[in-house]
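Here's a quick tour of a protein fold for anyone who likes to look at backbone angles and burial before setting anything up. Have the viewer open and follow along.

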Amino acid sequence: MVSRYAAGIMKKLFCGMVVGLAGVACAAQDAGGAAKHVTVLHAARMLDVAAGRVVAPGEVLVEGEKIVAVGAHVERPAGAEVIDLGDTTLMPGLIDAHVHLFLHPGAEDLQTVQESVPERTLIAAGAAKADLMAGFTAERDMGTEGAGCADVAVRNAINSGLIPGPRMRMSCNAIDLTGGHEDAIGYNPAQKVLSNADYADSSEEIVKVIREQRKGGADFTKVYETGKDGVREGAFVTPYQYTEAELRAAVKEAERTGGGVGSGRGGSGACDGRAGDGVCGGCWGSFGGSCVSVERFDDEGYEGEADLCCAYVCDQRIFRGPRCEQTGRGKGEAVDCVSCGRV
């Protein structure tokens, strides 16, 4: 299903500007219950992700705001509008499970200090539109980096059709320790520069912050599980920030309120025994790239089969070590949110 904004604007703009299958549709039924507008998109090719092949030609049948059929040839109901897109390739909408709409290229540490929250919110709205036009139709925002729950306003504006953008899941600020990964370190302490995250230094404080964020409209919670990467005595290290008991408190509260927990973690040993059940993925690869779930990276890159973590995030749970067998997937095998079809 596409947003009401996307549905309306596509009709006005000849109903043919597409980026991804899930990002295009013509007008649905009106408030009076009129018949849905039916559109057939025809292109030279279509990427069939499930089958892992390219279909030629490719067609998509859209009824109102919903894609109801895809294939080389689809049914063409009487009165359907047929749009020939020529030598193009249709594909499903893309999903990005780790974005920061409230950040932009440049000095991240300075923009969160120099730019007001209203300015950053406008920038985030523009980023949401740019992502949609680039083919991303669903995204998970992993923290506003100091803008509180302003991301909720962006999500709501998209959902109500006021602005264009992907379907969004928002987390407000991330949760972090005093002096932790997102705290304002290196500034004059007398200036009291604010953290880019919400402080929580105990299980009780984590629960309180989660409740405040849910009140503000957050869909889920992001917790910084590890601190800043560094080198100590010639070795690359990443300190843990929260104990397993504190993480479990976060998961328990998130389960009570709904929405789950995503964590930011990276560096050596980022998954060793600390992920805990119920923490949905979202870590960084300090060396060798990045990961959606809890694949492990250290100073030698991705450890592959040596990985102690097993990601199973379709139900927003992480199983690790021997628990992997319960998911029906191999030990160390990661399943990201894209293959699950959700964020």
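What follows walks through two helices, a pocket, a strand residue and a few backbone oddities. Keep in mind that this is a predicted model.

**Helix 3 and its surroundings**

Let's start with helix 3, which runs over residues 117–133. Its 17 residues reach 24 Å from the first C-alpha to the last, close to the 24 Å expected at 1.5 Å a residue. Just ahead of the helix sits Ser 116: one of its side-chain oxygens comes to within 3.2 Å of the backbone nitrogen of Glu 119, at the start of helix 3.

Which residues of helix 3 are buried? They are Arg 120, Thr 121, Ala 124, Ala 125, Ala 128 and Leu 132. These buried residues lie on the same side of helix 3, because they cover an arc of only 150° around the axis. And what covers them? The list includes helix 2 (108–114), strand 9 (136–141) and helix 4 (150–159).

After the helix comes Gly 135, with a positive phi near 105°.

**The largest pocket**

Helix 2 and helix 3 turn up again in the largest pocket, where each supplies at least two residues of the lining. The pocket has a volume of about 470 Å³. Of the 21 residues that line it, the closest to its centre are Glu 108, Asp 109, Thr 112, Glu 182 and Asn 196. Which element gives the largest share of the lining? That's helix 2, with four residues.

**Helix 6**

Helix 6 covers residues 244–257. It has 14 residues and spans 20 Å from first C-alpha to last, close to the 20 Å expected at 1.5 Å a residue. Its buried residues are Glu 246, Leu 247, Ala 249, Ala 250, Val 251, Glu 253 and Ala 254. Gly 258 follows helix 6, and its phi is positive, near 90°.

**Backbone oddities**

Most residues other than glycine have a negative phi, and most peptide bonds are trans. With that in mind, here are the residues with a positive phi mentioned in this report.

| Residue | Phi | Place |
|---|---|---|
| Gly 135 | near 105° | follows helix 3 |
| Gly 258 | near 90° | follows helix 6 |
| Glu 145 | near 55° | loop between strand 9 and helix 4 |
| Glu 233 | about 50° | loop between strand 14 (230–232) and strand 15 (235–237) |

Glu 145 and Glu 233 have positive phi values without being glycine. Is Glu 145 buried or exposed? Glu 145 counts as buried, because its relative accessibility is 7% and the cut-off for buried is under 20%. Glu 233, in contrast, is exposed, with a relative accessible area of 83%.

Now for the peptide bonds: where is there a cis one? A cis peptide bond joins Ala 56 and Pro 57, with omega at about -10°. Pro 57 is in the loop between strand 3 (53–55) and strand 4 (58–63).

**A buried spot in strand 1**

Last stop: Leu 41, which belongs to strand 1 (residues 38–43). Leu 41 is buried, with a relative accessible area of 1%. How many residues separate Leu 41 from Val 60 in sequence? The answer is 19, yet their C-alpha atoms are 5.1 Å apart in space.

Technical notes. Residues are numbered from 1 along each chain as its sequence is written. This is a predicted model: local features need pLDDT of at least 70, side-chain atom pairs count only at pLDDT 80 or more; totals for chains, interfaces and linings use all residues. Side-chain values use heavy atoms; hydrogens and water are left out. Buried means under 20% relative accessible area, exposed over 50%, partly exposed in between (1.4 Å probe, protein chains only). The expected span of a helix is 1.5 Å times one less than its number of residues. The arc is that of the directions from the helix axis to the C-beta atoms. Contact means heavy atoms within 4.5 Å. A polar contact is a pair of N or O atoms within 3.5 Å; within protein, one must be able to donate a hydrogen and the other to accept it, and residues adjacent in sequence count only if both atoms are side-chain atoms. On a 1 Å grid over the protein atoms alone, a cavity is a set of points where a 1.4 Å probe fits but cannot get out, and a pocket is an open set with protein on both sides within 12 Å along at least five of seven lines; lining residues have an atom within 4 Å of a point. Grid points are joined across faces, edges and corners, and a volume is the space filled by probe spheres set on the points.
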